[in-house]
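Grab a pencil and let's work through a few exercises together. Each one has a task, then a solution in small steps.

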Amino acid sequence: MPETATAFVFPAFVRDYHNDKSPQIDSFYSHFQHLLKRASRIVDPDLLYFHPKNQDFLDHELRTQYVAFIYGCAISDILQQKGIHPTLLSGYSMGIYAALVQGGAISFEQGLMLILHAFQEISYTTMTGRFGMAGIIGLSENDIQTILESLPEVEITNRNSSYSFVLSGRQQDLEQAIDAAHAEGAFHARMLNVTVPYHSHLLKSAALQFAKFVYTLDIRSLTVPLISVLNQEILNSPEDVKTELVENLYKHFNWFATQLKMLEMGIGLFIVCGPGKSLKKNARFIAGEYRFLSMDEVVNH
Amino acid sequence: MAQIMENTRYEVKEVVYEFFAEECEVPVSEISDQTNIIKDLDGDSLMFLELIEIFKKKYSLDIELKTIGKYAVKHPVETIGQLIDMQMLIIEHENDILELD
């Protein structure tokens, strides 16, 4: 059991399940299956057929969000059953929903409905064009801002480290930005597997519609505080949570600053409540005395 | 520019092997100069970036990442051996590496 201050961090999406060792933990997989069944009754019957070995749903943006959410809830439940409790929570982008369930602000069912409503509102807003997100690694923020001077509709919507950024915008503009980034010397620049410009101003109208649903929900105070990835403030109250849910769709976030803030607050152990390794990889660029582990690493050590 | 010593290549090789062994969770004994970084080790550009940062600090290198990126576009690296070769050129030539073409 960890003796150090622990943060549970929740990823937004799943890119693949090849290296995911969670299903090897019996208590996890039976609970995961139980939550999948519940989710299939609430939002999507096809979730019943999901299996990580088959790499199911990776090209289905809504279902992969559901699966990441269910993974997050299942992992955090199992960790707590084993006596591992977080002192702080954080959700990377759409990872916020599982973080809020873990923190007791919303129920599992409310989390699913929030994902569904957000996705529906975003789909209405983006149905008239082709949008997406891109990742650029190896250029500085200034280099990217220079590239974007001729592409005003593209925004840097997240910073993962000093040399790793996420952009959102129209697909055509993003493709131009990627070409320019390669020419400028980026190690890596490519489109992400999403068709939504998450965290960009293009989703503001969707967020306002989403707010109408958010404000109908009975959202409770957090029993474990959540750090905002938008402004690194600590959230506790239902009003904080509602505002964060709405703004999370269209405001930029900063995962790098969020990790630094958590370290400053004394977090010594980060546990990834999801199947991927992306968050762990990003943490390589942050110096400090801390560990970044997946559930199986925590349970097996 | 950093002085290339007789044992520099050995040092670089040792750092590269140990880095990938730890990051990719494979024994050092399973890594060779012919190992393909992406296909065999599931490596990625973030690892490449981290490795460069390690060498920048180790040899106090004055080089911009984007300079290395521009060089790498023309001279793509696939294997551990190629990565060590490129790293030696970076240590030796720093920001002048592009002038090698």
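## Exercise 1: two domains

The centres of domain 1 of chain A and domain 2 of chain A, taken over C-alpha atoms, are 25 Å apart. Before going on, note that this is a predicted model, where local features need pLDDT of at least 70, side-chain atom pairs count only at pLDDT 80 or more, and totals for chains, interfaces and linings use all residues. Residues are numbered from 1 along each chain as its sequence is written, while chains are lettered from A and ligands numbered from 1 in the order in which they are written.

**Task.** Find which residues make up each domain of chain A, and how many each gives to the contact.

**Solution.**
- Step 1: domain 1 covers 6-126 + 201-299 and domain 2 covers 131-191; such bounds come from an automatic or database domain assignment.
- Step 2: domain 1 of chain A puts 10 residues into the contact and domain 2 of chain A puts in nine (in contact means C-beta atoms, placed from the backbone, within 7 Å).

## Exercise 2: the core

**Task.** Work out which residues have the most contacts inside the largest nonpolar core, and which helix gives the most to it.

**Solution.**
- Step 1: a nonpolar core is a set of buried Ala, Val, Leu, Ile, Met, Phe, Trp, Tyr and Cys residues joined through C-beta atoms within 7 Å. Buried means 20 or more other C-beta atoms within 10 Å of a residue's own, exposed means 12 or fewer, and partly exposed is in between.
- Step 2: the largest core holds 110 residues, and A:Ile136 and A:Leu167 have the most contacts inside it.
- Step 3: helix 2 (residues 61-81) of chain A is the top contributor, giving 11 residues (helices are DSSP runs of H or I, at least four residues, and strands are runs of E, at least two, numbered from the N terminus).
- Step 4: both domains of chain A join in, with at least three residues from each.
- Step 5: leaving aside neighbours within four places in sequence, A:Leu167 touches residues including A:Met133, A:Ile136 and A:Val154.

## Exercise 3: two positive phi values

**Task.** Are A:His199 and B:Asp42 buried or partly exposed?

**Solution.**
- Step 1: most residues other than glycine have a negative phi. A:His199 has a positive phi near 70°, and B:Asp42 has one of about 60°.
- Step 2: A:His199 sits in the loop between strand 6 (188-191) and helix 7 of chain A, and is buried because 26 other C-beta atoms lie within 10 Å.
- Step 3: B:Asp42 sits in the loop between helix 1 (8-23) and helix 2 (45-58) of chain B, and is partly exposed, with 15 other C-beta atoms within 10 Å.

Note on methods
Contact = placed C-beta atoms within 7 Å.
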